[in-house]
Amino acid sequence: MVGSSVGFEFDTTTSFNGNRKDLDRTMAAGALAFDPTAVVAEAVPNGADVEIITEIVLGRNVRTTCFEVTEPDPDDEATGDKDASMASVLARYRKTLVERTKHHLGYPYNLDFDYGALGQLQHFSINNLGDPFIESNYGVHSRQFEVGVLDWFARLWEIEKDDYWGYITNCGTEGNLHGILVGREVFPDGILYGSKESHYSVFKAARMYRMECVKVGTLITGEIDCVDFKAKLLQNKNKPAVINVNIGTTVKGAVDDLDLVIQTLEECGFSHDRFYIHCDGALFGLMMPFVKKAPKVSFKKPIGSVSVSGHKFVGCPMPCGVQITRLKDINALSSNVEYLASRDATIMGSRNGHAPIFLWYTLNRKGYKGFQKEVQKCVRNARYLKDRLRDAGISVMLNELSSTVVFERPRDEEFVRHWQLACERNMAHIVVMPNVTIEKLDCFLNELIQGRSIWYKDEKVHPPCLSTDIGTHNCSCALHK
């Protein structure tokens, strides 16, 4: 299967009805003939209730809430009271989580999951030390699950088992740090290029690794501006290039044109042995293969690494991610560790051994067809939200290959905190994930429209202009209606 064109061209003449056995058969077969962008018929779908205080103050800590740690009573008979008190705190905390989950819209986490079957493993300290592909002295690990997950993603991104190396990271940022570090090791004097709308971890990597970094301009969509990229490459033709390509930017969900980035490098005289491309697919790296007409991220192209988050679209309950790179490049980063009887090529030493099991469990249950179905639901619901906002006269933008809906920042910060919206300048956004239902969106829309009727009842107060952020054609301010 590896090496076939997208490795999974499923037969779209057979409809998928969501049956569990069908999903299991799909996963077991691995690469059935299947078109991941084919439309899966499904009824359009449920949700809605609290608060958080965020204050950024440099130079001092701000404690809004704190569960104090108290010392146990030396009298054993008081233990029961202590346990009851802790149980009460945990019960209140759980209630808070339930309420906050109802109003979670601005951050790209899939909260629709059930891992009850894995509860039996929570009693074990599972630690994946060292290289996933080398057995170490430590026996309480889940590397067999880790390698299974990595092989699945290797098929997705079209690289042979013997040609790749990877591991399950602790988060998407670690995936970026690792990918860029491999690029730096391959080209020690290389310049790091990334669009100004890249995730902050890209620029953190530049600081950590003392790399020369060039920020590239973006189009109104948030994609990298390859005209500006070309100009900046030509200014530094004497040095190799390490490039971060975004498969879904943080704020606008924009997908950089990978093929155009490669073409631009070639036009500037950079041969394939003088550049390294890391693809940051934190959110959309797993969604894009199932979006119709979306460009392909593939190791058949001259890329060096791809990373994706496991706690976003996949729905893992703890932060984690997947990092895949070429085996030939990882040697520049590797060293043997006698203490572990393994090789070290990761950023962190210890790795969460539970995360690969959660990822493995989800991939087995959903498979390609399950993800296809969820992607189409997200895209459909995102378009629904965009249309409703536009009908209400609210500035809004949705990139074609995205489920991130950008709109005017609500005037009331309590409203922003209540719905946990991610904001930048005059923009806010909602990332439509599988757990975001039509009912939840309707509840949000009704509250937003009601709020705007109060915020802007004074004719001297107007909604913000978003023309410079999302374009005049998407702006509905007083000047651009």
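Which residue meets the side chain of Glu146 in a salt bridge? In this predicted model, the partner is Arg351, with a distance of 2.9 Å from N to O. The pair links distant parts of the chain, since Glu146 belongs to helix α3 (residues 143-156) while Arg351 sits in the loop between β9 (342-344) and α9, 205 residues apart. Both partners fall under the 20% cut-off for burial: Glu146 counts as buried because its relative accessibility is 0%, and Arg351 is likewise buried because its relative accessible area is 3%.

The structure holds 20 salt bridges, and further examples involve side chains with some accessibility. Lys239 forms a salt bridge with Glu212, the closest N and O atoms being 3.5 Å apart. Lys239 lies in the loop between α6 (226-235) and β4 (241-246), and Glu212 in the loop between α5 (200-208) and β3 (213-216), so this salt bridge ties together parts that are 27 residues apart in sequence. Lys239 is partly exposed, at 29% relative accessibility, and Glu212 is also partly exposed, with a relative accessible area of 39%. A salt bridge is also found between the side chains of Arg409 and Glu413, at 3.4 Å from N to O; here Arg409 is partly exposed at 26% relative accessibility, and Glu413 is partly exposed at 31%. In addition, Glu424, Arg425 and Asp469 are joined into one network by salt bridges that share partners.

Turning to the strands, an open sheet of four strands follows the order β10-β11-β13-β12, and its pairing is antiparallel. The edge strands, each pairing on one side only, are β10 (396-398) and β12 (422-424). On average, neighbouring strands of this sheet are turned by 25° against each other, with direction ignored. The antiparallel pairing of β12 with strand β13 (residues 427-431) extends over three bridges, and Ala422 has His429 of β13 as its bridge partner. Helix α9 (residues 354-391) packs on the sheet, where α9 touches β10, β11 (404-408) and β13, and the direction of this helix makes about 160° with that of β10.

Strand β2 (residues 191-195) provides a further case of strand pairing, in the parallel sense. Three bridges connect β2 to β4 in a parallel arrangement, with Ile191 standing opposite Ala241 in β4. Strands β2 and β3 also run parallel and are joined by four bridges, and the bridge partner of Ser195 in β3 is Val216. Because five of the five residues of β2 are buried, this strand is largely enclosed by the rest of the structure. In a regular strand, side chains alternate between the two faces of the sheet. In β2, Ile191, Tyr193 and Ser195 point one way, whereas Leu192 and Gly194 point the other way, and all of these residues are buried.

At the surface, Phe67, Tyr93 and Leu97 form a nonpolar patch, with about 320 Å² of accessible area together. Of these residues, Leu97 is found in helix α2 (residues 79-102). The relative accessibility of Leu97 is 39%, and Leu97 therefore counts as partly exposed.

Methods. Residues numbered from 1 in each chain as written. Predicted model: local features only at pLDDT ≥ 70, side-chain atom pairs only at ≥ 80, totals over all residues. Heavy atoms only, no water. Patch = residues over 30% accessible without salt bridge, like charges linked within 9 Å, V, L, I, M, F, W, Y side chains within 5 Å. Areas by Shrake-Rupley, 256 points an atom, 1.4 Å probe, with all protein chains shown as cover. Salt bridge = Lys/Arg side-chain N within 4 Å of Asp/Glu carboxyl O. Helix = DSSP H or I, 4+ residues; strand = E, 2+ residues; numbered from the N terminus. Buried < 20%, exposed > 50% of the residue type's maximum accessible area, 1.4 Å probe, protein only. Pairing = 2+ DSSP bridges. Axes fitted to C-alpha atoms, helices over the stretch in contact; angles between N-to-C directions. Contact = heavy atoms within 4.5 Å.
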